[in-house]
Amino acid sequence: MKKRIFFGAAIVVLLLLVWFGPLLLYGLRQGYGQLRIVWLARPVEEFLADPAFPDSLKRKLTLIQEVRRYAIDPLGLLDTENYKQMYDQHGEEIMWVVTACEPFALKEKRWDFPVVGSMPYKGFFRKERAIAERDALKAEGWDTNISNPSGWSTLGWFNDPILSDMLQEKEGELASTIIHEMVHATIFVKDSADFNENLASFIGDAGAQRFLDHRFGPQSKESQDFINDDLDYRRYAGHVLAGTIALDSLYHSFTDALTTDEKRARKDTLIARVIRSMDTLTLAAHKSPSTRFRRLPNNTYFMSFRRYQAKVNTFRDECRTRFNNNFTLFIRYYREHYPYL
């Protein structure tokens, strides 16, 4: 009897390892990659005390500490140990994120993870592994993309450090990045990437504007630069999101009578039209935004804007109409009604 129980249990364990083995291996690799960054990160105070560290970057580190304090009080985000240390990237990328989408439908590939649930992206600390994942997905017929995030949140599993490349960002962009990631450590709903990212995008940008006005003054160069950059980005994002709606309509019009080549040709024609018409946008910078594309983007590009920007105006309108632009009250409401994980 005991032998049967033992062998039965062994078979169950073996089956679980076979079933969950790839996920377990991925988790171990990600944990090691994150632990390595945390282990090599140094307290901000060490960089500030280092006479060889550039003064311009010291000012950015000090600014991050001010942003962090402002995000906690008065904004009301969770006080953690995040962003009290910095990891020196030495100018190298350290994270690669793979996304995928069906080629003729705006339906993204999702990966299932413990705790956080289903996610539309998969990160890697080794470039070759990200490329291997992308190539496997491309072979299956998915539209794919690899990007390098400027920052990410480990949702409390680790003490997230500042990444040295963040210090190259302008004051407003830097403040938005820090607040965005702090939102993830405060409000995060399982299986709801679009909600989480859109909310963090709104709070990140709106919180950054309020910080800049508080720190430098509403008429300061820092504040005005961010207003102009944000206005440009909103116009650009609105254009891409309109293109997303057009693509969605196109895909729904496809019938089985069309060949794959015919579908691809119609898709490419529409995407090319969306890209060309970007140059009609009234932007303070990037007068010809279409020139940034060396080749046509695929569905993953459009889905990224849906994931991060499609609901931002909804949150902005809610903050204005329901909370009378009381930003702290808005954040408090979402903390209470959408508890962290």
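**Exercise 1. The sheet**

In what order do the three strands of the open sheet lie, and with what pairing? Determine this for the predicted model, then describe the edges and the helix that covers the sheet.

*Solution.*

Step 1. The strand order is E6-E3-E7, and the pairing in this open sheet is antiparallel.

Step 2. Strand E6 (122-124) and strand E7 (143-147) form the edges, since each of them pairs on one side only. From one strand to the next, the twist averages 25°.

Step 3. Strand E3 (residues 96-101) and E7 run antiparallel and are joined by five bridges. Within this part of the sheet, Cys101 stands opposite Asp143 of E7.

Step 4. Helix H9 (residues 299-309) lies across E3 and E7, and its direction makes an angle of about 105° with E3.

**Exercise 2. Helices H3 and H5**

Classify the packing of H3 against H5 by angle and handedness, and describe the character of the residues in contact.

*Solution.*

Step 1. Helix H3 (residues 55-72) packs on helix H5 (residues 171-184) with an axis separation of 10 Å and an angle of about 45°.

Step 2. Angles under 35 degrees count as roughly parallel, and 65 to 115 as roughly perpendicular. The angle of about 45° lies in neither range; H3 and H5 are therefore oblique to each other.

Step 3. The crossing of these two helices, H3 and H5, is right-handed.

Step 4. H3 contributes Lys60, Leu63, Ile64, Val67, Arg68, Ala71 and Ile72 to the contact, while H5 contributes Glu171, Leu174, Ala175, Ile178, Ile179 and Met182. Sorted by character, the residues of the H3 contact with H5 comprise 10 nonpolar, no polar and three charged.

**Exercise 3. The two partners of H6**

Describe how H6 packs against H11 and against H7, giving the orientation, handedness and residue character of each contact.

*Solution.*

Step 1. Helix H6 (residues 193-216) and helix H11 (residues 327-337) have axes 11 Å apart and pack at an angle of about 155°. Angles over 145 degrees count as roughly antiparallel, and H6 and H11 are therefore roughly antiparallel to each other.

Step 2. The crossing in which H6 passes H11 is left-handed. On H6 the contact involves Phe195, Leu199, Phe202, Ile203, Ala206, Gly207 and Arg210; on H11 it involves Phe327, Phe330, Ile331 and Tyr334. The residues of this contact of H6 with H11 are nine nonpolar, one polar and one charged.

Step 3. For H6 and helix H7 (residues 221-253), the packing angle is about 160° and the axes are 8 Å apart. That makes H6 roughly antiparallel to H7.

Step 4. H6 also passes H7 in a left-handed crossing. Here Asp205, Ala208, Gln209, Leu212, Asp213 and Phe216 of H6 meet Glu222, Ser223, Phe226, Ile227 and Asp230 of H7. The contact of H6 with H7 divides into five nonpolar, two polar and four charged residues.

**Exercise 4. The whole protein**

State how many helices and strands the protein has, and assess its compactness by the globule rule.

*Solution.*

Step 1. The protein has 11 helices and eight strands.

Step 2. Its radius of gyration is 22 Å, close to the 20 Å that the globule rule gives for 341 residues, so the protein is as compact as a globular protein of that length.

Step 3. The C-alpha trace of the protein spans about 70 × 60 × 45 Å along its principal axes.

Notes. Residues numbered from 1 in each chain as written. Predicted model: local features only at pLDDT ≥ 70, side-chain atom pairs only at ≥ 80, totals over all residues. Heavy atoms only, no water. Pairing = 2+ DSSP bridges. Helix = DSSP H or I, 4+ residues; strand = E, 2+ residues; numbered from the N terminus. Axes fitted to C-alpha atoms, helices over the stretch in contact; angles between N-to-C directions. Contact = heavy atoms within 4.5 Å. Left-handed = near helix turned anticlockwise from the far one by under 90°. Nonpolar A, V, L, I, M, F, W, Y, C, P; charged D, E, K, R; others polar. Rg over C-alpha atoms; globule rule 2.2 N^0.38 Å.
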